[in-house]
Number of protein chains: 4
Amino acid sequence: MTEPTFDPGFSTAEMSRVFSPRGHVAGILRYEAALAGALADVGLIEPDVAREVEARCLGLEVDAPDILARGWAAGSPLLPLIEEIRAGLSPDAASAVHRGATSQDAIDTALMLQAGVGLDALRAGLMACGAKLRDLAMAHVATPTMARTLLQPAGPMSFGARLALWLEPLVRHIDELEEARDNLALQLGGLAGDAAAHGMEAAAIATATAARLGLVAPPTSWHGDRSRTRAVVAAVAATCSSVDKVAGDIVLLAGFGEVTAGSGRSSSMPDKRNPIDAVRAVAAAQVCAAGAAVVLGARPPELERAAGGWQAEWLAFPLVFHTAGAAVEALDRSLGVLEVDQERMLEALGGVDHAAAIVAGERVVAAVTAAFSAVEERG
Amino acid sequence: MTEPTFDPGFSTAEMSRVFSPRGHVAGILRYEAALAGALADVGLIEPDVAREVEARCLGLEVDAPDILARGWAAGSPLLPLIEEIRAGLSPDAASAVHRGATSQDAIDTALMLQAGVGLDALRAGLMACGAKLRDLAMAHVATPTMARTLLQPAGPMSFGARLALWLEPLVRHIDELEEARDNLALQLGGLAGDAAAHGMEAAAIATATAARLGLVAPPTSWHGDRSRTRAVVAAVAATCSSVDKVAGDIVLLAGFGEVTAGSGRSSSMPDKRNPIDAVRAVAAAQVCAAGAAVVLGARPPELERAAGGWQAEWLAFPLVFHTAGAAVEALDRSLGVLEVDQERMLEALGGVDHAAAIVAGERVVAAVTAAFSAVEERG
Amino acid sequence: MTEPTFDPGFSTAEMSRVFSPRGHVAGILRYEAALAGALADVGLIEPDVAREVEARCLGLEVDAPDILARGWAAGSPLLPLIEEIRAGLSPDAASAVHRGATSQDAIDTALMLQAGVGLDALRAGLMACGAKLRDLAMAHVATPTMARTLLQPAGPMSFGARLALWLEPLVRHIDELEEARDNLALQLGGLAGDAAAHGMEAAAIATATAARLGLVAPPTSWHGDRSRTRAVVAAVAATCSSVDKVAGDIVLLAGFGEVTAGSGRSSSMPDKRNPIDAVRAVAAAQVCAAGAAVVLGARPPELERAAGGWQAEWLAFPLVFHTAGAAVEALDRSLGVLEVDQERMLEALGGVDHAAAIVAGERVVAAVTAAFSAVEERG
Amino acid sequence: MTEPTFDPGFSTAEMSRVFSPRGHVAGILRYEAALAGALADVGLIEPDVAREVEARCLGLEVDAPDILARGWAAGSPLLPLIEEIRAGLSPDAASAVHRGATSQDAIDTALMLQAGVGLDALRAGLMACGAKLRDLAMAHVATPTMARTLLQPAGPMSFGARLALWLEPLVRHIDELEEARDNLALQLGGLAGDAAAHGMEAAAIATATAARLGLVAPPTSWHGDRSRTRAVVAAVAATCSSVDKVAGDIVLLAGFGEVTAGSGRSSSMPDKRNPIDAVRAVAAAQVCAAGAAVVLGARPPELERAAGGWQAEWLAFPLVFHTAGAAVEALDRSLGVLEVDQERMLEALGGVDHAAAIVAGERVVAAVTAAFSAVEERG
């Protein structure tokens, strides 16, 4: 298994790095290191024991697909990795590893750490798309074009206004992705989800572990509650749906001959100029929606830990982020080569007076670019 | 067509009232009244003209299914209703009706008004469920039970802690439903979505209309951007997924003989005690998820107005709210009759020491009930 | 509850009649009548007892929504209806009603009987669409038009060939709907699904009951196996997806100005000619797909009878058939008013030689119309 | 990108080989070889030209992910590969490569070839599961157990009957998978889907190409009609849903302590015996359903070739087959280690008379094992 099983059009380099077996194992190792640190923070183990665990975890090189496969074979996804960590340690340090935790604690938290990187990458991608749309909207505020409702001619509008209407939801998605990242929570509940093994120190250990990982410390563990993973996936899926909208509209406008967006060729008709990146964005966004549906439509967990629905997230999360990354990247490329045929747009209007539409367009463009600038300034 | 086509187990009286043809037409009439009022607010029409429109709209009795059916037949869902409103008015008032608006403005806004009532009803239902769970959790904090992961025995836990873990996401959903309601936005964009027909007064008219309806005035119209309807549906679907979780766990625990929840009989075995309301909650929640998927997985709108995806929302919104209402109501009933068999729970533990689990349970119950009390106090 | 909760655009008169509480109760009554007849057929009850049950069932008038609602309240969907049937009978006849059956037997079989009517209605609707497409394809075999791939110009093709390519999958769907109807199976398993209460006569009773209802007698009951309901829904959903394709293409071609399909007006722009029935077909087909997903994506039944997933079918089946009926009807209307602008089509070709395309079109149209004729002749 | 992005628990060695970039490119090369052979069959090119193309295609070694990635970058997924094939050929042979075909012809056909291998692998897996279920059913026909409806006790049944009820739908799925494989169709339509470039020889070329590939030659191309890919995916998804059912029931029965199925350990509780392969089957089946939904719920293709929906299939097909393969394999493993605790089963019955249930069980087991034997004999 040395080949990626994803078609290269459905991921990005960064998502391939983060949402891979290697990226997942790296997250688990960070978790185990942080937990040991937290145990020391609250005085349950010695600082040098914690440091020994941290050094082991953060320096460990493993064959990630192999160790995960052995986990499935062993019937416990984490056990081979925990044994590998403990193998090189002093008895005290070995006994501190994973203390009071259960496999779902480490796996869920690793997914949240991966999601944090993924959400930031998507946000950066949306910012790039947003900047291009903003510039295009300002450049085309006085470009009249035919509005189309149910794909039928519906009178004149400013092409800049159309671009601003594309941009407006992206501005909100940028905020939503940030909010989703800021809400990413630690998982730490032990076998029954009540952190009983951590006794009176349970809350303090959770707070310290979360702080070390840059995550929220929630009031309880959430093994059997997937509303938190749902929220992450829902934010990504909402973003992708809006990406799909803009990309789909680019394909339609290319169909009407009013824009071009790339020079995709055909194997049988070399002169075609297919809007290939817009098509790729649409395709990736659709698969993202299906990946999201694994989580959004999952059967709920049975009692303290799901027998199937949770494990399905292990594939759904990578799928969602790979394809979302590809969709945003493809939209960005498509916007980067968007060319507008103003004559064709005028022709479609057939001489209708468009003065009022341009005035309205100025208002719409101003309102949306202001909102985008506010997001851009916050970084 | 005098019979409901929904099975009575999949709705509630309130949702049937609000999410019906009659409820939808009522929302449209409120919209047209508010728009006329706003036109007067900004000085574009006389106050008494606005009052004439308002009186007409708010007093109008129509055969709602018939007028919507005629709309489909006419090829414009709103036209027969607009003509009906205008029929009884002075020329000035007739010309003020629906001025600068398009059918999607009225229909989307009416859906948002209906959604507002629906979200409040769901929130009230969740509060009732939450109060029952809180009381049960406090009553059972010292009741030991067997935790189950992958449905396998996983050691002792406090039954109160399990109930608190059920409650914790509901507390957040109550907030999310409130947030969703507070974000419900006016739709007012006219034919091309740029409110060009309202000229320089466009922003003022939108602000005044939104204020009269208790809605947010967004920076632009959102005919071709469904992220706002997605957000409403996503909040309801997230709620239903957690309802599904709790109800599903009740069914499982009834299967283990550790609780009973109702006295559902069998047509072939009269002594059975089926947890029928929990089953109904699970069934309704699954259909809710499918209704939500119409919106969450919809193909994006084509340019300025969707040719199909938007119209699908007209059925999806009622479906989502009917079934969500039924799911929450059924969970509430199920919790209201939940009986705990403490001896059976003890038996499953087989004498394992559970002292640490009860201590942990006290912590978990305290954390979650505090969070619920905070929500309850805010109302 | 005297109003339909479905928007009138999302159903047809026939589907509203069949997939309503009244239609469902009628199916259950037919089932109970047939079962009594079968018990007599194998000699377990006297013929006149069976006739008494049949007369009672087939003459019974009940308030269907009310009796189903009381079923939910009683915790057994069927119990109030069974009691109502028994109320007017002699003791012998009363004891013969529902003998050896369980509620799921009657409910599933009633759904299959409803599905039989629904599948036939859809097939008839597809035949009508197919005939229109065949006639149009033959009329336009020599009409050149621009092919479009990724919505980009892709050289000349025969418009008749495009119509034939739309028709080809419909021909197969007509067969698939017929196959689905021919596979509709009786449900008869009693409480545990093994028909134990019917003893040695179990197979004979099932065969006789199925024969009386025009259904297949399967080798076993299928309470916990939903592959049979899946198959029904999958056939309908596949049909709707192809309806969606044709309707969506009509909307696109109307957007390119190459066809018109109806005179849908706009509340703000009276001169528009919206392809409203094609849009309605697309909308209804999308909701149909979501209803199908309730069944296709359902969590599997738990052991001998599902706790939620099965009950969700009670709403999913009506939803699927209502919307499928609406989609097919709307496509049929749309095809009935389709007008082709041959000049506009020629203009888009810009003088490209299309002789080879017309020759190819003749071949494609001939192949598909032959396939349709074969289906049409079989009836 | 040297790591698989799929978690090892969600695929099998065979599916990883077939549904990989390498497996896809191999299918395309087979297609191009067969097309050249067919052109010679009908006399359009010389036999030795065809042999040159075939030798080149079947001997070509390429970096599959790289050449597909270059395809996306070039805006035509196939172009770099076609150029690579032509690079080593005489001018006559180079001009014969891909003659009259378009990229979708090669890609769709390659997917069908991959699907053929995948469907056979799934069928073999189901046969293995079926044989285990048949043997278990026969061994346990006289083992009484408690039936459970809505997870509540519902009286005695034969455990062998339960196993036979699990097996019955699998028998039909084996047939459905075979039917799906037998219906796999060639794609060959050229740019506009009418095979115009092949002129009068179009039907003969299609027949010859299909024959060389072991595929059906359909009456027309199906670029814009996805009912054929839907049918493949629907058959796999139906299979997975039944696998999910059996695996889910094993998890439930393990929860009731009536069976064990594997020795999955816990990282925090070493004595647990988790039914890990059953859990894996459930998880993989859920993801399979989501992958299927990409195809089953896809927006329909726009006119002659889809702008996004088709491209999404390139990821959906691998996803569906990887996870289906994993689900079937995991169920097979789970059945291979299934152990039955007859005493526990008897205990749950509490002395209820089960004689009639065993008699009924013998009937059910006989009916289903006969059906399975018939399938097994056909091979």
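**Entry 1: salt bridges, D to A**

I began with the salt bridges between chain D and chain A, and the count is two. The model is a predicted one, and I read every value below as computed from it. I located one bridge by residue: the side chains of A:D244 and D:R299 meet at 2.7 Å, N to O. I then looked up polar contacts across D and A, where two residue pairs are counted, both at pLDDT 80 or more.

**Entry 2: which elements form the D side**

I next asked which elements of chain D give two or more residues to the side that touches chain A. They are the helices α2 (21-41), α4 (64-74), α5 (79-87), α10 (227-255), α11 (276-296) and α12 (309-336). The largest share comes from α11(D), with nine residues. I sorted this side of chain D by class and noted 31 nonpolar, 21 polar and eight charged residues.

**Entry 3: extent of the D–A interface**

I recorded 60 residues of chain D in contact with 60 residues of chain A. The size of an interface is often given as the accessible area lost when the parts come together. For chains D and A I noted a buried area of about 5,600 Å², and carbon and sulfur atoms give 65% of that area.

**Entry 4: how the two copies are related**

I looked up the superposition of chain D on chain A. A turn of 180 degrees with a shift of 0.0 Å along the axis lays chain D on chain A, with an RMSD of 0.0 Å. The two copies are therefore related as by a two-fold rotation axis. I also checked which residues each copy uses: 100% of the interface residues of chain D are also interface residues in chain A, so the copies meet through the same surface.

**Entry 5: chain D against chain B**

I turned to chain B and asked how many residues of chain D are in contact with it. I found 21 residues of chain D in contact with 21 residues of chain B. The area buried between chains D and B is about 1,600 Å², of which carbon and sulfur atoms give 62%. I noted zero salt bridges between these chains, while two residue pairs are in polar contact, both at pLDDT 80 or more.

On the side of chain D that touches chain B, the elements giving two or more residues are the strand β2 (152-158) and the helix α10. I divided the residues of this side by class into 13 nonpolar, five polar and three charged. I marked α10 of chain D in both lists, since I had entered this helix for the side that touches chain A and again for the side that touches chain B.

Key: Residues numbered from 1 in each chain as written. Chains lettered and ligands numbered in written order. Predicted model: local features only at pLDDT ≥ 70, side-chain atom pairs only at ≥ 80, totals over all residues. Heavy atoms only, no water. Contact = heavy atoms within 4.5 Å. Buried area = accessible area lost by both parts, 1.4 Å probe. Salt bridge = Lys/Arg side-chain N within 4 Å of Asp/Glu carboxyl O. Polar contact = N/O pair within 3.5 Å; in protein donor to acceptor, adjacent residues only side chain to side chain. Helix = DSSP H or I, 4+ residues; strand = E, 2+ residues; numbered from the N terminus. Nonpolar A, V, L, I, M, F, W, Y, C, P; charged D, E, K, R; others polar. Least-squares fit on C-alpha atoms with pLDDT ≥ 70 in both.
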